[in-house]
2 protein chains.
Amino acid sequence: MKKAAATRLHLLQQAFELIYRKGYQATSIDDILATTKVTKGAFYYHFKNKDEMGLAIINELLKPILASSFIEPLQANENPLDAIYNLMHGLLLENDFLKVEFGCPAANLTQEMTPWNTDFSSVLNELTQQWSELMTSVLEKGKQTGVIRKDVNAAQVTLFVMSGYWGVRNFGKLANSKAVYLPYLKELKSYLQSLT
Amino acid sequence: MKKAAATRLHLLQQAFELIYRKGYQATSIDDILATTKVTKGAFYYHFKNKDEMGLAIINELLKPILASSFIEPLQANENPLDAIYNLMHGLLLENDFLKVEFGCPAANLTQEMTPWNTDFSSVLNELTQQWSELMTSVLEKGKQTGVIRKDVNAAQVTLFVMSGYWGVRNFGKLANSKAVYLPYLKELKSYLQSLT
DNA sequence: TGTAAAAGAAACTAATTGGTATTTTTTATG
DNA sequence: CATAAAAAATACCAATTAGTTTCTTTTACA
């Protein structure tokens, strides 16, 4: 029972790729089968239905990837403001899992699925919650060590920074160019500087 | 030939409502016909196809509405930083055309359509371009009148602010609550303050 | 190696999709 | 009022959708 796991993973990965590109609803099961060369029988052996596969993608692929891209960089032991800046720089310019023309997969799914699928929303909410809590705690630590002003509201800054990230990915998508990321990062840097 | 214009408008308005809620691809023509009680013959008399209707929605409905919500408030003759803050406050908390649970219609369409429809992208790009240019010029004026530091990069600030707006709407959507808008606005205020 | 269970193939539904062709009803105007 | 054009209704179509059913092939492992 090893090959089975391989086809399952193959399905998840290719399906994610398609969904990241075109959106969840625009990606049909037949699309996925055509690109994976997997038959319908195999697909429905592995997944009860399309939504179960979608949730598996989020839980088994997206979660770990986002953890290493969004969470781990914040845990580097450096100045919190540098950590946040470096995180964003890495996400926007260096991460080659995230493509400028397709935006942020978590943001895409949030926007598409939230109005009508509560299962997707709640797991996406968990992801952002986790990211948010970590960033807030990192900022709090900065206040304690004195590199950040005491009157800064950490949770507020977190929301502000995360919003900017999600938003600028939409601009990158619209412009289909990483060029917009440079001025964004410059302004982020001076904003973060204003918190000292 | 007056009733015809009325059914056309009715189609556009109801279709916009559905698309704003569920997305463009998830809104079928049959959906639109069911809610408007218009027949297919009438629909295809007014529009060549679905995409032509979609573009008509953007050009004839969305553009004017966004102009009055996003453009006009910036033209008020006040301190540029106040103008921007008040604009955002109005958009997030007072504008009753924009619904928290559905996000920003322009951002939604950008995210959904950009990867595969260039017609939609280019008209959406125009919209954001227009907004962006105005905000930048307002900031420049603030630099001239001395209420904003000379070393502030206006275009950079514009991108930063607009990104935050788009992003926070996604958070509001995910949380399905305007509650996130309050801390966002507080941080926006202190960020804008840091530009003086 | 034999065999039961896991995995996959193939052919199928029933519903929905965007769109068309044809006919009927309204409407403006000479 | 007559009538031609505009507007709307009706019935249809081929393609695609998610999902089922039935059957065959692999696979792990006793």
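This passage describes the surface near DNA strand C, the interface between chains A and B, and the meeting of two domains within chain A in a predicted model.

Local features of the model are reported at pLDDT of at least 70 and side-chain atom pairs at pLDDT 80 or more, whereas totals for chains, interfaces and linings use all residues. Residues are numbered from 1 along each chain as its sequence is written, chains are lettered from A and ligands numbered from 1 in the order in which they are written, and side-chain values use heavy atoms, leaving out hydrogens and water.

We may start with the nucleic acid. DNA strand C is surrounded by 18 residues, a residue being near the strand if one of its heavy atoms lies within 4 Å of it. The closest are A4(A), T39(A), Y45(A), H46(A) and K40(B). Sugar or phosphate accounts for 69% of the atoms of DNA strand C within 4 Å of the protein, and bases for the rest. Phosphate oxygens of the strand are approached from both chains: a polar side-chain atom of H46(A) lies 2.7 Å from one, while a backbone N or O atom lies 2.9 Å away in I29(B) and 3.0 Å away in K50(B). At least two residues of this surface come from each of α1 (3-22) and α3 (40-46) of chain A and α2 (29-36) and α3 (40-46) of chain B; helices are DSSP runs (H or I, at least four residues) numbered from the N terminus. With 4 residues, α3(A) gives the most. By class, the surface has 7 nonpolar, 7 polar and 4 charged residues; Ala, Val, Leu, Ile, Met, Phe, Trp, Tyr, Cys and Pro count as nonpolar, Asp, Glu, Lys and Arg as charged, and the others, Gly among them, as polar.

Turning to the two protein chains, 38 residues of chain B are in contact (heavy atoms within 4.5 Å) with 38 residues of chain A. Between them about 3,600 Å² is buried, with 67% of that area given by carbon and sulfur atoms; buried area is the accessible area (1.4 Å probe) lost by two parts on being put together, summed over both. On the chain B side, Q111(B), F160(B) and L174(B) lose the most area to chain A, together 21% of what that side buries. The interface counts 0 salt bridges (a side-chain nitrogen of Lys or Arg within 4 Å of a carboxyl oxygen of Asp or Glu). In polar contact, however, are 10 residue pairs, both residues at pLDDT 80 or more; such a contact is a pair of N or O atoms within 3.5 Å, and within protein one must be able to donate a hydrogen and the other to accept it, with residues adjacent in sequence counting only if both atoms are side-chain atoms. The most residues on the side of chain B that touches chain A, 14, come from α8(B), and that side divides into 18 nonpolar, 15 polar and 5 charged residues.

Within chain A, the domain assignment (automatic or from a database) gives domain 1 (1-47) and domain 2 (50-193). Their C-alpha centres lie 27 Å apart, and their contact takes 18 residues from domain 1 and 23 from domain 2. About 1,800 Å² is buried between these domains, 69% of it on carbon and sulfur atoms. In domain 1, F16(A), Y20(A) and Y24(A) lose the most area to domain 2, together 46% of what that side buries. Here the count is 1 salt bridge, and the side chains of R8(A) and E60(A) meet in a salt bridge at 2.5 Å, N to O.
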